[in-house]
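Student: Please take one part of this model and go through it closely. I would like the cut-offs stated along with the description.

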There are 2 protein chains.
Amino acid sequence: MSMAVTFLGTGSAYPSPSRGASALVLRREGECWLFDCGEGTQTQFMKSHLRAGRVTKIFITHLHGDHFFGLPGLLCTISLQSSPELKKPLVDIYGPVGLQNFLQRSLELSHSQLLFPYAVHELVPTQDQCPVDEFKDFSHLGGEEVSVQGAQGRRLHLEPGEESYLLLEDEQLVVKAFRLFHRVPSFGFVVEEKPRAGKLNVEKLKDFGVPPGPLYGKLKNGSTVVLDNGVTISPSDVLETPIPGRKICILGDCSGVVGEAAAALCWGADLLIHEATLDDSQEEKAREHGHSTPKMASEFAKGCRVKKLVLTHFSQRYKPAAQRGEGDEDVAELKRQAELVLGGQEVTLAEDFMTIEIPMKK
Amino acid sequence: MSMAVTFLGTGSAYPSPSRGASALVLRREGECWLFDCGEGTQTQFMKSHLRAGRVTKIFITHLHGDHFFGLPGLLCTISLQSSPELKKPLVDIYGPVGLQNFLQRSLELSHSQLLFPYAVHELVPTQDQCPVDEFKDFSHLGGEEVSVQGAQGRRLHLEPGEESYLLLEDEQLVVKAFRLFHRVPSFGFVVEEKPRAGKLNVEKLKDFGVPPGPLYGKLKNGSTVVLDNGVTISPSDVLETPIPGRKICILGDCSGVVGEAAAALCWGADLLIHEATLDDSQEEKAREHGHSTPKMASEFAKGCRVKKLVLTHFSQRYKPAAQRGEGDEDVAELKRQAELVLGGQEVTLAEDFMTIEIPMKK
């Protein structure tokens with residue numbers, strides 16, 4: 001099953017013609033999950049090979065405009081381009097408390113009637129996710145009005161003991177959020193596939209006397225079978241070790257993580273997407289604004305033993321050498337700085353419309 | 001004094017890579033006045049020769065997302081790119097009731113602190129500006145909270161007897177709004193320069209015995225002068241007829257106007273910018289959605305004896321012949337339909353980044 005990440009916006013602070021505001025899509029089984037939705041994301045979709053109408057889940061890392069001002073417009077356009085007969089399924093939206101009210105207000109004021117249902121599930125941040133004097137409590141904003149189109153979203157609190165937020169879990173996947181430190185509360189998301197059953201060990205099947213045919217399939221799918229001779233065979237008797245699923249970690253703006261959960265959740269990730277707004281020489285300024293440098297990002301990645309690190313959310317002043325004008329800096333310097341920390345490991349700098357495939361494990 | 005209109009977005013319903021969402025700039029004396037601010041307007045500014053930081057006034061025609069969803073992001077980016085020492089003057093924002101609350105909420109939720117003051121002046125629509133069942137009263141939304149950055153805006157009601165809204169007036173200009181009929185209350189704006197003093201009639205100056213020199217300037221500037229021989233000369237004694245100012249009319253989405261004021265205000269306009277969302281063959285559908293066709297737009301322009309008609313806000317399906325794909329239609333057909341009504345008069349179809357100069361009269 002293919003799984004790929006496509007960047008729709010890789011610039012920080014505001015969208016520019018060369019780098020859109022934050023947005024990326026995780027595509028799996030034909031579904032698109034959107035992470036952040038800065039202004040202009042709908043136009044970036046049109047320029048890409050992806051279709052906004054395929055979006056079934058949206059995750060907003062934090063409430064800075066360059067990460068969510070594109071959301072009302074995107075939903076309106078998806079609705080305009082859909083047909084009422086098609087019965088588009090519910091769109092789940094996850095983001096910090098306050099998002100639901102913003103969305104509802106924007107749709108109400110713009111007289112927008114979405115042709116599909118949506119639910120906003122709000123993450124309740126903790127006060128240590130930003131400087132004390134920056135913390136604003138928007139929890140009074142939620143659910144003050146009942147929306148016709150908005151289904152009932154959930155309020156998600158930090159799981160006691162876990163230090164993470166469980167967003168969704170099904171047979172194949174689990175998605176959790178964890179806390180980041182930024183100017184305003186920010187979140188990271190981990191999408192992790194559950195392990196698949198290992199291969200059937202044909203030698204063992206023979207040893208147990210399992211006849212080739214449908215029983216192989218049953219065992220592979222996890223069912224216990226009873227042979228004609230009365231012997232009971234469990235899947236674990238004949239299956240190789242389970243094959244791990246893929247793990248993708250997408251972090252919002254941050255100058256670090258909060259609590260112990262982040263490192264554990266990101267441990268061994270196949271792909272970690274981390275911001276690097278400013279280069280290492282600007283670390284003080286970066287921290288002051290709640291941002292990271294390549295060194296900060298790659299130290300976290302190193303600590304988590306991630307297999308691939310992708311940096312994004314670059315200040316608009318960093319440009320490829322060929323596009324640099326007055327006052328611009330070479331974006332390739334950010335790659336060098338990150339790779340310095342990670343030794344031989346290659347680091348990728350995100351660009352708008354870049355797609356990264358995450359292959360299945362075997 | 002140069003005066004020019006630049007289109008930043010000429011598409012209807014949503015922004016696309018070929019036509020941005022509604023936005024246009026009227027430039028005069030180095031100031032930019034922005035009319036409508038659909039999503040992506042800030043990026044369109046960056047692609048144009050104009051600078052968003054020059055915007056001093058913003059006019060929003062109506063509260064559909066493709067006309068105002070770009071406003072919070074634009075203001076945030078202007079603020080980010082300005083310096084606190086520069087003391088950017090107040091930005092006046094005019095638009096329908098509800099706009100102030102939206103803006104305030106968006107800025108508050110996104111933790112945005114604008115580095116310049118702004119005031120939202122809200123136009124109170126009348127119920128006959130849209131279908132009865134579509135009318136929503138947002139008047140309770142205004143002023144419920146006091147914004148730190150937002151200066152006190154005014155509530156503008158229809159001027160009794162005038163059937164228009166007086167937005168601003170100074171020595172050089174007057175700006176009024178008038179009512180349009182759409183799915184939601186929509187407005188048109190008229191920017192009109194006041195007449196300039198006519199030329200000095202040198203023959204008459206000689207006849208009156210005015211000696212060449214500073215007295216000429218005084219008379220030209222409207223001051224009465226007394227000659228050495230005790231004779232009093234009024235400017236009107238020696239000036240030709242005043243030179244009319246320029247008149248620019250910018251209409252929001254509409255399938256028609258409400259009341260008598262619109263035609264009178266637009267009479268003889270040098271430039272009238274009117275929407276033509278669908279072509280003449282779709283008139284029924286256009287009217288159902290509160291929109292106009294080229295015929296409807298040009299009939300209004302003809303009735304007002306406007307000197308130049310520019311059509312904009314085209315459904316994204318209309319494309320130049322060279323760019324047409326499956327399901328697209330030729331945008332040039334809209335020009336033909338409008339010119340059919342206006343006889344020999346040429347009609348211009350707006351395109352993103354097109355600039356139209358409006359020369360001073362002599």
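Tutor: The part taken here is strand β11 of chain A and its pairing, followed by a helix of chain B. This is a predicted model, in which local features need pLDDT of at least 70 and side-chain atom pairs count only at pLDDT 80 or more, while totals for chains, interfaces and linings use all residues. Residues are numbered from 1 along each chain as its sequence is written, chains are lettered from A and ligands numbered from 1 in the order in which they are written, and side-chain values use heavy atoms, with hydrogens and water left out.

Strand β11(A) covers residues 186-193 (strands are DSSP runs of E, at least two residues, and helices runs of H or I, at least four, numbered from the N terminus). Seven of its eight residues are buried (under 20% relative accessible area, with exposed over 50% and partly exposed in between; 1.4 Å probe, protein chains only), so the strand is largely enclosed by the rest of the structure. β11(A) pairs (DSSP finds at least two bridges) with β10(A), residues 173-181, antiparallel over eight bridges. Four residues lie between β10(A) and β11(A) in this hairpin. β11(A) is also joined to β14(A), residues 247-251, by five bridges, again antiparallel. Val191(A) has Val175(A) as a bridge partner and Ile248(A) of β14(A) as another.

In chain B, helix α11 (residues 332-341) has Leu334(B), Gln337(B), Ala338(B) and Val341(B) as its buried residues. Seen down the axis of α11(B), they fall within an arc of 95 degrees (taken from the directions from the helix axis to the C-beta atoms), so they line one face of the helix. Gly343(B), with a positive phi near 65 degrees, follows α11(B).
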